[in-house]
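Could you walk me through this structure in my viewer, one selection at a time? I have not seen it before, so please tell me what to click on and what I will find there.

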Amino acid sequence: METIEQVINSHNFLAIGEQNPKIKQIKGILSNTKPNPHKLFVAEGIWLLKMCEQFKTHIDSLILCPEHIRTSEAAALAEKIAARAENLYTVSAKTYEKLSERDRPDGLMALAALPSYDLSAFAPPEKAVVLILDGIEIPGNVGTMLRMADGAGLDSVFICNRKARLTHPKLIKGSQGAILSVPVYEFESVAACRAWLKMHGFTVYLADTRADKYYFEEPFGVKTALVMGSERYGITREWYDGEYKMIAIPMLGKCDSLNVGVAATVLCYDASIKNKFRSEK
């Protein structure tokens with residue numbers, strides 16, 4: 001098993017400091033304040049970098065801090081990623097600790113690119129379930145719903161009226177790797193999304209407290225698109241201009257609504273179980 005020193009010596013790693021443009025680029029992505037045209041995100045730690053390796057995520061840069069790499073597992077992972085990363089760097093513990101959000105970092109960090117999906121190549125199955133995020137503002141909520149979409153076996157997540165960058169650190173963290181496993185498609189407008197859904201035979205369901213039917217009363221069993229609106233404003237008015245059904249979640253206590261991520265979880269699991277899990281039995 002190679003040590004981290006052997007990994008560094010066997011590849012063309014460049015030692016850089018805090019003023020290097022690459023470090024400034026990483027800081028800009030972590031603070032979500034700089035342009036990010038290539039949709040790069042920061043992947044830190046063994047767990048997330050293993051996910052990047054599993055899904056063969058494109059690696060723009062690998063940054064290692066030898067002082068914090070303490071295990072043979074970390075060294076072996078560094079070797080795998082170094083073999084296909086475009087740029088290789090080492091940094092001091094002081095520089096790394098200014099980037100890391102961890103109390104006990106493990107010395108591995110990468111700039112990785114989000115997966116890119118071609119909508120024209122997406123052929124939804126007969127009982128597909130897709131989640132549509134319409135104007136969701138909080139990055140952590142988007143990440144949570146991506147994680148749920150993976151767990152519920154959804155076919156994809158569509159985004160309309162995007163308010164949060166998909167590379168936002170809180171979104172990446174909240175998704176727990178699902179940003180790499182769930183196909184995400186972004187639409188320029190609600191009209192474009194509605195047209196695509198209609199062309200592919202989807203029934204559109206709007207999560208709306210005014211609905212006459214509760215979600216569990218709906219049999220689903222068809223291509224299903226579940227629309228969740230923004231935390232503050234709800235679903236965009238344009239969704240009500242076309243064909244749709246409304247479904248609601250009963251509120252049995254004193255509060256009048258659920259967090260959008262919780263509500264999406266309830267609806268998506270019900271639809272997915274009815275469309276996929278039960279039909280496979």
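Select lysine 50 to begin: in this predicted model, lysine 50 is partly exposed, with a relative accessible area of 41%. Now add glutamate 73, which is also partly exposed, at 38% relative accessibility. The two side chains form a salt bridge, with their closest N and O atoms 2.4 Å apart. Colour the helices around them and you will see lysine 50 in helix α3 (residues 46-54) and glutamate 73 in helix α4 (residues 72-82), so this pair ties together parts that are 23 residues apart in sequence. Side chains of opposite charge can pair when their charged atoms come close.

**Another bridge, at a strand**

Next, pick glutamate 186 and arginine 162. Their closest N and O atoms are 2.9 Å apart, in a salt bridge. Glutamate 186 sits in strand β8 (residues 184-186), while arginine 162 belongs to the loop between β7 (156-160) and α7, so the bridge joins parts 24 residues apart in sequence. How accessible is glutamate 186? Its relative accessibility is 41%, so it counts as partly exposed. Arginine 162 is partly exposed too, with a relative accessible area of 40%.

Keep arginine 162 selected, for it also helps to line the largest cavity. Other residues of that lining include Leu133, Asp134, Gly135, Val142, Ile159 and Leu166. The cavity holds about 60 Å³ of space, and a search of the whole structure finds one cavity of 30 Å³ or more. Strands β6 (129-134) and β7 are the elements that give two or more residues to its lining.

**A buried pair**

Now select lysine 22 and aspartate 60. Are these two charged residues buried or exposed? Lysine 22 has a relative accessible area of 11%, so it is buried. Aspartate 60, at 13% relative accessibility, counts as buried as well. Their side chains meet in a salt bridge of 2.9 Å, N to O. This pair links distant parts of the chain: aspartate 60 is in strand β3 and lysine 22 in helix α2, 38 residues apart.

Stay with helix α2 and show residues 21-31. Besides Lys22, the buried residues of this helix are Ile23, Ile26, Gly28 and Ile29. Which elements do the buried residues of α2 pack against? Turn on β2 (40-44), β3 (59-64), β4 (87-90), α5 (93-99), β5 (108-113) and α7 (169-175) to see them.

Both ends of α2 deserve a click. At the N-terminal end, asparagine 20 acts as a cap: one of its side-chain oxygens lies 2.8 Å from the backbone nitrogen of lysine 22. Just after the helix, asparagine 32 takes a positive phi of about 60 degrees.

Before moving on, select Glu18, Lys27 and Lys98, which are linked in a network of salt bridges. The structure holds 14 salt bridges.

**Into the nonpolar core**

Go next to Leu131 and Leu226, the residues with the most contacts inside the largest nonpolar core, which has 59 residues. Helix α10 (residues 260-280) gives the most to this core, with six residues. Apart from this core lies another, of 20 residues, among them Ala128, Val190, Val204 and Ile235. In soluble globular proteins, nonpolar side chains tend to be buried together.

Centre the view on leucine 226 and show what surrounds it. Leaving aside neighbours within four places in sequence, leucine 226 is in contact with residues including Val129, Leu131, Tyr205, Phe220, Ile247, Leu267 and Ala271.

**A lysine in helix α10**

Follow helix α10 to lysine 274. With a relative accessible area of 16%, lysine 274 is buried. What does its side chain reach? It comes to 3.2 Å from the backbone oxygen of phenylalanine 216, and it makes a polar contact of 2.9 Å with the side chain of aspartate 270. Beyond its neighbours within four places in sequence, lysine 274 is in contact with Tyr215, Phe216, Glu218, Pro219 and Phe220.

**Last stop: the largest pocket**

Finish with the largest pocket, which has a volume of about 560 Å³. Of the 26 residues that line it, select Ala207, Asp208, Thr209, Gly234 and Ser257, which lie nearest its centre. Strand β10 (224-229) and helix α10 are the elements that give two or more residues to this lining.

Definitions and conventions. Residues numbered from 1 in each chain as written. Predicted model: local features only at pLDDT ≥ 70, side-chain atom pairs only at ≥ 80, totals over all residues. Heavy atoms only, no water. Buried < 20%, exposed > 50% of the residue type's maximum accessible area, 1.4 Å probe, protein only. Helix = DSSP H or I, 4+ residues; strand = E, 2+ residues; numbered from the N terminus. Contact = heavy atoms within 4.5 Å. Polar contact = N/O pair within 3.5 Å; in protein donor to acceptor, adjacent residues only side chain to side chain. Core = buried A, V, L, I, M, F, W, Y, C linked by side-chain atoms within 4.5 Å. Salt bridge = Lys/Arg side-chain N within 4 Å of Asp/Glu carboxyl O. 1 Å grid on protein atoms, 1.4 Å probe; cavity = no way out; pocket = protein on both sides within 12 Å on 5 of 7 lines; lining within 4 Å. Points joined across faces, edges and corners; volume = space filled by probe spheres on them.
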